[in-house]
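Grab a pencil and work through these exercises with the structure open beside you. Try each task before you read its solution.

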Amino acid sequence: MAEEFLVATDLHKSFNEHKAVDGVSFTIHKGEIFGLLGPNGAGKTTTIRMLATVLEPDKGDVTIGGHSIKHDADSVRALIGVCPQELALYEDLSALDNMVFFGRMVGLDGKEAKEQAQKHLKMMGLEKRAKGRVAKFSGGMKRRINLAIALMGHPELLFLDEPTVGIDPQSRNNIYETIEGLRDGGMTILYTTHYMEEANRLCHRVAIIDGGKIIALDTPHNLKKKIGPPDKVTLEDVFLKLTGRSLRD
Amino acid sequence: MQDKADLAFSLLLPIVIFALMYFAFGGASLFHGTAHVVNEDEGGAYSTVLLDQLEAIEEVDVELLTAEDADQKLANSDLLMVIYIPEDFSQNLAAGEPAQLLFKQRGNGGDEGQIVASLVRGVAEQINLQFQVYNEVNLALAEYDVPQENINITVEQYLDQERQSPTVAVHEETIGSNPDPVNLFLPGVVTMFVLFAITISARAIVEERRKGTLERLLTTRLSVGELFFGKFLSNISRGFVQTLILLALAYIVFQIFTPLTFIECLVIALIFAAAASALGMVIAAVARSEDSATWIAVFFTMVMVMLGGTFFEIGKGSVLYTISQFSINTYANDAFKTLIAEGGSLGDLGLELGVLAGVAVVGLILSRILFKVMPGGK
């Protein structure tokens, strides 16, 4: 078993009276893709925000690479890359300028930032549009830039919060291939998605979260086995069985 | 400043505003009026001299009208004063008879009319004196056989000499800088630039918060404090650089201040930009959307511009004057006016500097307390 790279222990976070995350604990091993699945409002994004040091937990702690998010957030931020659910881009800048800017913010010098930006743009199939304004890009292209920015500075742990939402199959496939390439290169990834086939394809293990609590955590195969023959049951069946069929807002 | 076009526009705007100021006020004195003249002595030697001397006055343009046109315009109140040169003006003067100019006016002729009339009286008086000198010399030399041409040349030389070095000379000494229109309007234009930057910066920060770029920046090596001060400094830079361009152009083109005054103006501009940026950060911290940030900033900016003496002076002792003391624009405007229009120095601006620096510090502390990268977060 690879070393534990991320250890989340009893995380709690409330907004006013609402408990968004209620006692979440899990570990992610080095080189693992860990899926965090859950319906809308389940607490996925709040959990990622705490792991990424943007939100402070009300209770509990997380260590990443041995550094506590509470006591050594700077060291944690040096290890992570975040691809947020929103397209957090400067639309008036070019793709290259966006990447170089965020590269500089993670501590790269100008030359290094440009080199990495060009490499990642090529990986995302966007090298020909490097100097194009992001505002003119399609949704799929923006998603790919959003992910490429998270790779600047070669983080050891990548948080991908629904990176494929609302894009065309070609862009989605490009992102899958990129993530598989990163996995093969040994990168550790925390992945959230609503698409169960994505989690089944990419993740070594998945946690299903609902109402701020983790209600199941195992490999996709083992989760499926719990409700039927794994070759006949899908991860979506597991998800619906565990979280119910009622609509979530 | 993310957009290159936005950056270019920000730098170009003060240049455009300066160009407008230059064409509006460049080289102009505080007064500029038009003498509306009906010349019924067309071609007359003395009416021509009178008109030439009027046109030589820098502050006055001469517009020639027909008598019918002038009467009509006076009747319609399109003009308040018209100067009539009667038909026999030159003829009477040549004959040694008195000649009269006629000023027709509605009411008191208006401020401009009165000033123009006064200038015309001055010119007429000068012509009168010249004429008297010619007459007296001619009379004195009548018994001698001196050619008229020689008399004319000698008298003209004497008059020229008198014009160059008058017996009673008037020397004008201005205390402080010239009360030039540029001096009077420049402080208001400068402070408006800085104040409008509040709107842009407050909106930009709220937009970044909504789009998630601020949150994303927090996952890099930046701390909330660094992010906050980075935004604050970028806001100061925008306001200060625009002000620097305006003041530098005014310094180079109009030469309205000394190098020391120029530097003192930059110090005021920097402190004012800091105070305005701090207010922009407070608005960005409390606004929930880009639109609310814009409207809050526009409201405060407009109130501060109106009350700060940009467009009109507010008399001491009035309620408005008391309210205006709560506008940072008042102190910035006063400071710039003291330096630019009154020839003062930073040493005269203790109150203004104190208030602007105080607002910058208090605003910065308040906004840092209120500032959140994301609701419920850091």
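The exercises below go through a predicted model, moving from chain A to chain B and then to the place where they touch.

**Exercise 1. Chain A as a whole**

Task: Work out whether the radius of gyration of chain A agrees with that of a compact globule.

Solution:
- Start with the parts list: chain A has 9 helices and 10 strands.
- Next, get a feel for the dimensions. Along the principal axes, the C-alpha atoms of chain A fill a box of roughly 50 × 45 × 40 Å.
- Now compare with the rule. A compact globule of 249 residues would have a radius of gyration near 18 Å, and chain A has 18 Å, so the two agree.
- Look inside, too: 45% of the 249 residues in chain A are buried.
- Finally, check how the chain folds back on itself. Take the contacts in chain A between residues at least 6 apart in sequence: 67% of them join residues at least 24 apart.

**Exercise 2. An open sheet in chain A**

Task: Find the edge strands of the chain A sheet with the order 2-1-4-5, and say why each has a side without a neighbour.

Solution:
- Read the order first. This open sheet of chain A has 4 strands, and its pairing is antiparallel.
- The edges are strand 2 (18-29) and strand 5 (67-68) of chain A; each has a single partner strand, so one side of each has no neighbour in the sheet.
- Zoom in on one pair. Strand 1 (residues 4-15) and strand 2 of chain A run antiparallel and are joined by 9 bridges. Here you can spot A:Leu11 opposite A:Val24 in strand 2 of chain A.
- Then add a helix. Helix 1 (residues 44-51) of chain A lies across strand 1, strand 2 and strand 4 (59-64) of chain A, at about 120 degrees to strand 1 of chain A.

**Exercise 3. An enclosed strand**

Task: Decide how many residues of strand 7 of chain A are buried, and which way they point.

Solution:
- Count along residues 157-161: 5 of the 5 residues of strand 7 of chain A are buried, so this strand is largely enclosed by the rest of the structure.
- Recall a rule: in a regular strand, side chains alternate between the two faces of the sheet.
- Sort the residues by direction. A:Leu157, A:Phe159 and A:Asp161 point one way, while A:Leu158 and A:Leu160 point the other way.
- Look for partners. Strand 7 of chain A runs parallel to strand 6 of chain A, with 4 bridges between them, and also runs parallel to strand 8 (residues 188-193) of chain A, with 5 bridges.
- Use A:Leu160 as your marker: A:Cys83 stands opposite A:Leu160, and the bridge partner of A:Leu160 in strand 8 of chain A is A:Tyr191.

**Exercise 4. A residue in a loop**

Task: Is A:Leu89 buried or exposed?

Solution:
- Locate the residue: A:Leu89 lies in the loop between strand 6 and helix 3 of chain A.
- Apply the cut-off. A residue is buried if 20 or more other C-beta atoms lie within 10 Å of its own. A:Leu89 has 24 C-beta neighbours inside 10 Å, so A:Leu89 counts as buried.
- See who surrounds the loop residue. Leaving out residues up to four places away in sequence, A:Leu89 touches A:Asn98, A:Val134, A:Lys142, A:Ile145 and A:Asn146.
- Compare sequence with space: A:Leu89 and A:Ala135 are 46 residues apart along the chain, and their C-alpha atoms are separated by 9.2 Å.

**Exercise 5. Strands and helices in chain B**

Task: Describe the chain B sheet with the order 2-1-3-4, then work out how helix 10 of chain B is oriented relative to helix 13 of chain B.

Solution:
- The sheet is open, with 4 strands and mixed pairing. Its edge strands are strand 2 (60-65) and strand 4 (102-105) of chain B.
- From one strand to the next, the twist averages 30 degrees.
- Strand 1 (residues 33-39) and strand 2 of chain B pair in the parallel sense over 6 bridges, and B:His36 stands opposite B:Glu63.
- Now the helices. The axes of helix 10 (residues 259-286) and helix 13 (residues 328-340) of chain B come within 10 Å and cross at roughly 175 degrees. Angles over 145 degrees count as roughly antiparallel, so that is how helix 10 of chain B lies relative to helix 13 of chain B.
- The residues of this helix contact divide into 11 nonpolar, 1 polar and 1 charged.

**Exercise 6. Where the chains touch**

Task: How many residues of chain A are in contact with chain B, and which elements give two or more of them?

Solution:
- Count both sides: 19 residues of chain A are in contact with 18 residues of chain B.
- On the chain A side, strand 6 (80-83) and helix 3 (95-105) each give two or more residues.
- Sort that side by residue type: 14 nonpolar, 2 polar and 3 charged.

Notes: Residues numbered from 1 in each chain as written. Chains lettered and ligands numbered in written order. Predicted model: local features only at pLDDT ≥ 70, side-chain atom pairs only at ≥ 80, totals over all residues. Contact = placed C-beta atoms within 7 Å. Nonpolar A, V, L, I, M, F, W, Y, C, P; charged D, E, K, R; others polar. Pairing = 2+ DSSP bridges. Axes fitted to C-alpha atoms, helices over the stretch in contact; angles between N-to-C directions. Rg over C-alpha atoms; globule rule 2.2 N^0.38 Å. Buried ≥ 20, exposed ≤ 12 C-beta atoms within 10 Å, placed from the backbone. Parallel < 35°, antiparallel > 145°, perpendicular 65-115°, else oblique.
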